[in-house]
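Here is a friendly briefing to read alongside the model. Keep the viewer open and click through the residues as they come up.

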Amino acid sequence: MAGILYLVPTPIGNLGDLSQRIIDTLNEVDFIAAEDTRISLKILNHLGLKKPMVSYYRHNTESSGPQILARLLGGESCALVTDAGTPAISDPGEELVAQCAEAGVQVCAIPGPCALITALASSGLPTGRFTFEGFLAMNKKNRAAHLKELQGERRTMIFYEAPHKLCATLEDMRKAFGGERRISLCRELSKLHEEIFRTTLDGAVERYAQQPPKGEFVLVLEGAPEEEEEELTLEEGICRVLELREKGLSMKDAARQIAAETGMSKNELYAGATQKGKG
Ligand code: SAM
């Protein structure tokens with residue numbers, strides 16, 4: 001019978017976040033696949049555990065993935081760990097999980113530290129609906145296209161960003177979303193100097209122009225405001241039907257379109273516009 005691939009989260013800054021289930025899983029698996037074996041070794045040493053390790057990182061997934069899969073199919077169990085946080089979230093692992101799913105190997109994700117959820121929860125922005133956008137592309141054109149695509153996004157948006165790119169990213173965001181848009185910059189989560197800076201894009205640009213950003217950041221950006229519903233009177237609705245009629249639409253189609261746009265009754269619009277059109 002095939003073994004199980006465990007996705008084992010590791011602390012994003014605080015060793016106290018190693019849960020009993022994380023420790024038990026690391027202790028019980030046959031081997032560990034680590035993004036950086038030196039970093040994972042420090043955690044194993046901290047826990048007093050010894051375990052065989054193989055490396056699985058962004059640039060060896062093609063060679064290492066099939067070897068790990070073969071061992072799983074052979075009945076061994078494996079814990080996948082990355083440098084910090086939950087594997088497969090902006091970290092190596094997504095491909096291995098897909099390969100396991102295709103090969104019928106069970107995947108068991110252990111809940112635990114994840115920067116995006118920690119940031120969202122403390123952001124003070126709406127959490128009911130959100131979208132995770134990961135890292136923006138390095139390439140200027142692709143970044144601009146990504147941000148443009150998000151201009152109408154109503155849900156709260158979450159981004160990962162490296163400190164040396166933060167200022168440029170905040171400027172690009174201000175261009176795309178305007179300086180008034182609220183943003184929470186969640187820095188050094190779960191660490192000694194954790195900080196949640198709740199401000200606007202103008203405020204964020206201004207602060208980091210004066211003080212170079214240090215540490216790890218998650219950016220939580222407010223979604224676009226709801227467009228205000230236009231409150232039209234029936235008379236104004238009828239005028240809009242007649243304007244469309246003048247542009248060549250049939251009275252019936254014009255009434256249907258304005259009814260769909262305003263929520264008014266199609267029949268009332270049609271009757272009113274026909275009456276007015278005659279007069
Ligand atoms: N898989 C990880 C997770 O579950 O969050 C994310 C890995 S991704 C390669 C690294 C990014 O996560 C960093 O660039 C930063 O944006 C964010 N991050 C990780 N740890 C953080 C922390 N303690 N505080 C703020 N952001 C953090």
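## Surface, shape and cores

The chain has an accessible surface of about 15,500 Å², and carbon and sulfur atoms account for 50% of that area. Please keep in mind that this is a predicted model. The chain is built with eleven helices and ten strands, and 44% of its 279 residues count as buried.

**Overall shape and charge**

- The radius of gyration of the chain is 27 Å, whereas a compact globule of 279 residues would have one near 19 Å.
- If you lay the C-alpha trace along its principal axes, the chain spans about 90 × 55 × 35 Å.
- Take the contacts between residues at least 6 apart in sequence: 68% of them join residues at least 24 apart.
- The chain carries 32 positive and 40 negative charges, and the mean positions of these two groups are 2 Å apart.

**The largest nonpolar core**

- In soluble globular proteins, nonpolar side chains tend to be buried together.
- Which residues have the most contacts inside the largest nonpolar core? They are Phe 159, Leu 170, Met 173, Phe 177, Ile 183, Leu 185 and Leu 219, in a core of 19 residues.
- Two or more residues of this core come from each of strand S7 (156–161), helix H7 (166–177), strand S8 (182–187), helix H8 (201–210) and strand S10 (217–221).
- Helix H7 gives the largest share of this core, with five residues.
- Leu 219 is a handy residue to click on: leaving aside neighbours within four places in sequence, its contacts include Met 157, Ile 158 and Phe 159, as well as Leu 166 and Met 173.
- Ile 183, Ser 184 and Leu 185 are also among the contacts of Leu 219.

**A second core, and Ser 77**

- A separate, second core has 16 residues, including Tyr 6, Val 29, Ile 43 and Ile 110.
- Ser 77 sits in the loop between helix H3 (61–73) and strand S4 (78–81).
- Is Ser 77 buried or exposed? Ser 77 counts as buried, because its relative accessibility is 13% and the cut-off for buried is under 20%.
- Not counting residues up to four places away in sequence, Ser 77 touches Ile 4, Tyr 6, Glu 28, Val 29, Asp 30, Phe 31 and Leu 72.
- Tyr 6 and Val 29 thus appear twice here, as members of the second core and as residues that Ser 77 touches.

**The loop between S8 and S9**

- Glu 188 is placed in the loop between S8 and strand S9 (195–200), and Ser 190 lies in the loop between S8 and S9 too.
- Glu 188 is not a glycine, yet its phi is positive, at about 50°.
- Ser 190 is likewise not a glycine and has a positive phi, of about 70°.
- With a relative accessibility of 15%, Glu 188 counts as buried.

**Lys 165, ahead of H7**

- You will find Lys 165 in the loop between S7 and H7.
- Lys 165 has a relative accessibility of 17%, so this lysine counts as buried.
- What is Lys 165 in contact with, leaving aside its neighbours within four places in sequence? Its partners are Leu 136 and Met 138.
- Lys 165 and Glu 194 are 29 residues apart in sequence, and their C-alpha atoms are 19 Å apart in space.

Terms used
Residues numbered from 1 in each chain as written. Predicted model: local features only at pLDDT ≥ 70, side-chain atom pairs only at ≥ 80, totals over all residues. Heavy atoms only, no water. Helix = DSSP H or I, 4+ residues; strand = E, 2+ residues; numbered from the N terminus. Rg over C-alpha atoms; globule rule 2.2 N^0.38 Å. Buried < 20%, exposed > 50% of the residue type's maximum accessible area, 1.4 Å probe, protein only. Contact = heavy atoms within 4.5 Å. Areas by Shrake-Rupley, 256 points an atom, 1.4 Å probe, with all protein chains shown as cover. Lys, Arg positive; Asp, Glu negative; His and termini not counted. Charge placed at Lys NZ, Arg CZ, Asp CG, Glu CD. Core = buried A, V, L, I, M, F, W, Y, C linked by side-chain atoms within 4.5 Å.
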